[in-house]
Amino acid sequence: MTMARAASSRRSFLGHSYNLVGVVASLVILAWTLVAIFAPYIIPHPIGDIVDDDYFGPMRQGLWLGSDYLGRDMLSRVLMGARYTVGISLAAVSIACFSGVVLGMIAAVTGGWLDSCLSRFLDAMNSIPSKLFGLVVVAAVGSSIPVLILTLAVIYVPGAYRFARALAVNINTMDFMTVARVRGESTVYLIGSEILPNIIRPVLADFGLRFVFIVLLLSGLSFLGLGLQPPLADWGALVRENIGGLPFAAPAVIVPSLAIASLTISVNLLIDNLPQKIRDRDA
Amino acid sequence: MKSGVLKLVAKRLAIAVVTLLIVLFAVFFATSMLPGDTASILLGQAATPEAVAGLREAMHLNDPAILRFLRWLLGLLHGDLGASYANQMPVAALIGGRFVNTMKLAGITTLISVPLALTLGITAAMLRGSLYDRAVTVLSIGVISVPEFMVATLAVLLFAVYLRWLPALSSVNEARSLADLVRIYAMPVITLTFVISAQMIRMTRAAVIETLSTPYVEMALLKGASRSRMVLRHALPNALGPIVNAVALSLSYLVGGVIIVETIFNYPGIAKLMVDAVATRDLPLIQSCAMIFCLGYLLLITAADIIAIMSNPRLR
């Protein structure tokens with residue numbers, strides 16, 4: 001009885017069933033992705049233009065999200081901010097997960113000293129608090145988009161490595177791995193054709209989680225003034241530059257915060273509501 | 001059997017020491033990668049090349065990096081943290097009072113968030129699937145999913161702007177009475193408590209639920225033990241290890257949280273000092289602050305691991 005009801009509240013899509021929360025979350029993510037891609041074409045005002053005589057203006061017709069501390073249109077700035085927040089985070093998480101997963105699989109397949117050295121070194125990297133690492137790097141080499149992407153990627157490689165290695169070690173003990181080894185297959189074949197297809201689903205879920213961490217860290221750094229530098233502004237930087245509007249609850253400080261929250265909460269909810277089959281670590 | 005545990009713990013401690021060395025090395029090198037020459041930055045634009053060369057010699061900047069690292073490490077062991085570039089004060093003097101302030105903040109937060117989070121986490125696990133459990137879970141996912149500065153801004157909006165109970169900024173110097181003290185620490189502590197508790201609630205709940213799903217707890221249920229007896233007498237003693245592990249791990253989030261919270265509330269702690277040092281590129285100060293944070297973080301995660309080893313009954 002309960003089974004039937006649970007089944008009817010789920011929709012089937014691409015062979016998996018998703019529940020309502022998951023669908024709504026993926027729609028929010030899709031919307032922000034589209035905004036990030038098409039932002040330059042849909043912003044009502046150029047982001048640098050001062051369009052309001054008043055600063056921290058309220059929401060009204062024409063300026064749908066009010067104006068910022070200089071009287072610039074907040075809607076345009078938030079839409080453009082999506083580009084930087086989503087773009088930089090996506091680039092960083094792709095680099096982090098790609099290198100982490102490849103290294104993790106290689107370590108699991110080869111084992112021996114390579115495995116111990118890599119694991120020991122990356123565990124040490126993991127023992128540096130992420131925000132602190134960001135602070136020190138920014139202090140050392142300054143802040144620019146490539147530096148930010150690389151820093152964020154380096155910070156999250158150890159986590160991706162550890163996750164992928166743990167999964168790959170399990171697969172490595174399977175009979176088909178022994179068979180492939182006896183056949184004399186190369187390491188590239190082993191990790192690409194035997195291990196990767198078996199761990200790809202949990203790895204993708206991990207990709208999503210890591211994306212959230214990176215968005216949060218990037219916003220945090222930008223909020224401290226150590227992330228994206230003006231005139232560019234991601235959502236964290238938008239909160240920072242408009243923090244003066246906090247005492248009168250200006251939309252300029254609330255809206256970018258809500259934008260970050262909507263993105264990160266959606267990704268978390270989507271992952272939480274993924275079908276068990278995808279989410280399970282030992283899928 | 002006891003020696004097995006000791007061996008594992010000793011191994012974990014050895015790893016922690018090696019890790020600490022690698023971390024110190026990384027901090028030192030990241031900060032010495034600074035573009036531009038420290039000596040010319042210090043002397044300003046009008047400096048003659050001879051003066052710059054002289055200062056480079058005096059500061060041992062021409063030595064190989066590994067030598068400078070060893071010298072720095074040796075200084076650390078003697079308690080000599082070097083002098084700040086910005087105002088020539090010894091770093092130890094700059095850090096001293098700030099460190100106490102940060103520890104106060106972290107201590108108060110720990111005292112509040114540990115009992116709060118444990119109560120919420122354990123009760124949520126006991127009443128798994130109920131409305132209460134779902135409310136706690138959704139709230140903690142919500143707090144985990146947003147950046148710390150957003151929790152802080154929301155707290156300011158609620159308590160300082162709408163309710164007008166508390167001032168938005170804190171400054172320790174003005175504390176004269178207990179009421180002052182409460183008002184100064186309230187905002188930073190509330191923010192940090194939210195951030196830390198959310199992590200702790202999630203981990204505690206997961207640990208208790210895992211224990212509750214083991215066969216021996218089911219056995220207790222089948223023999224007719226009451227729900228509270230089942231949890232308190234049967235499940236909790238075994239879940240204690242994972243719970244303490246979760247507490248130590250969550251407390252390591254204090255390191256990141258404190259950086260944001262001290263900046264946003266202008267709290268005179270060590271994290272604020274470090275963020276300011278980054279702005280002025282004051283290397284010795286950054287190195288020392290970073291080292292203190294890494295040390296604290298490493299201590300907490302090592303403690304978490306050791307507790308996990310000690311509480312594993314199979315190793316005892």
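This passage walks through the predicted model of chains A and B, starting with the fold of chain A and ending with a single residue.

Chain A is mostly a story of helices: eleven of them, plus two strands. Read from the N terminus, the order is α-β-β-α-α-α-α-α-α-α-α-α-α, with the strand pair sitting between the opening helix and the rest of the run. Of the 283 residues in chain A, 47% are buried. As for how the chain folds back on itself, take the contacts in chain A with a separation of 6 or more: 69% of these link residues 24 or more positions apart.

Confidence in chain A comes out at a mean pLDDT of 81, and 89% of the residues reach at least 70. Broken down by element, the top mean value, 90, belongs to helix α3 (residues 74–110) of chain A, while helix α1 (residues 2–8) of chain A sits at the bottom with 40. The low score of that helix goes along with its surroundings: across residues 1–10 of chain A, pLDDT stays under 50. For this stretch the model has just four contacts beyond four places in sequence.

Turning to the interface, 34 residues of chain A are in contact with 38 residues of chain B. On the chain A side, at least two residues each come from α4 (112–126), α5 (130–141), α8 (187–223), α9 (235–241) and α10 (251–272) of chain A. The biggest contributor is α5(A), which puts in ten residues. In terms of chemistry, the side of chain A that touches chain B comprises 24 nonpolar residues, eight polar ones and two charged ones.

Chain B splits into domain 1 (1–90) and domain 2 (91–315). These two domains also touch, through 24 residues of domain 1 of chain B and 23 residues of domain 2 of chain B. On the domain 1 side, helix α1 (residues 2–32) of chain B is the main supplier, with 13 residues. That side of domain 1 of chain B is made up of 16 nonpolar, seven polar and one charged residues.

Next come the record annotations. For chain B, an unreviewed UniProt entry lists "transmembrane region" at residues 12–34, 105–127, 139–162, 182–201, 239–265 and 285–310. Two of these spans can be set against the model. Residues 105–127 of chain B are 96% helix and 0% strand, with end C-alpha atoms 33 Å apart. Residues 285–310 of chain B are 100% helix and 0% strand, and here the end C-alpha atoms lie 37 Å apart.

For chain A, the unreviewed UniProt entry gives "transmembrane region" for residues 20–43, 84–113, 133–157, 207–228 and 248–271. The span 248–271 of chain A is 88% helix and 0% strand, with its end C-alpha atoms 36 Å apart. The span 133–157 of chain A is also 88% helix and 0% strand, yet its end C-alpha atoms lie 13 Å apart.

Finally, one residue gets a close-up. A:Val154 is found in helix α6 (residues 145–172) of chain A. Is A:Val154 buried, partly exposed or exposed? It counts as partly exposed, because it has 17 C-beta neighbours inside 10 Å, and being buried would take 20 or more. The C-alpha atom of A:Val154 lies 10.0 Å from that of A:Cys97, a residue 57 positions away along the chain.

Key
Residues are numbered from 1 along each chain as its sequence is written. Chains are lettered from A and ligands numbered from 1 in the order in which they are written. This is a predicted model: local features need pLDDT of at least 70, side-chain atom pairs count only at pLDDT 80 or more; totals for chains, interfaces and linings use all residues. Helices (H or I, at least four residues) and strands (E, at least two) are DSSP runs, numbered from the N terminus. A residue is buried if 20 or more other C-beta atoms lie within 10 Å of its own, exposed if 12 or fewer, and partly exposed in between; C-beta atoms are placed from the backbone. Two residues are in contact if their C-beta atoms, placed from the backbone, lie within 7 Å. pLDDT is the predictor's confidence in each residue, from 0 to 100. Ala, Val, Leu, Ile, Met, Phe, Trp, Tyr, Cys and Pro count as nonpolar, Asp, Glu, Lys and Arg as charged, and the others, Gly among them, as polar. Domain bounds come from an automatic or database domain assignment. UniProt positions are given in the numbering used here, feature names are shortened, and annotations may be inferred rather than shown by experiment.
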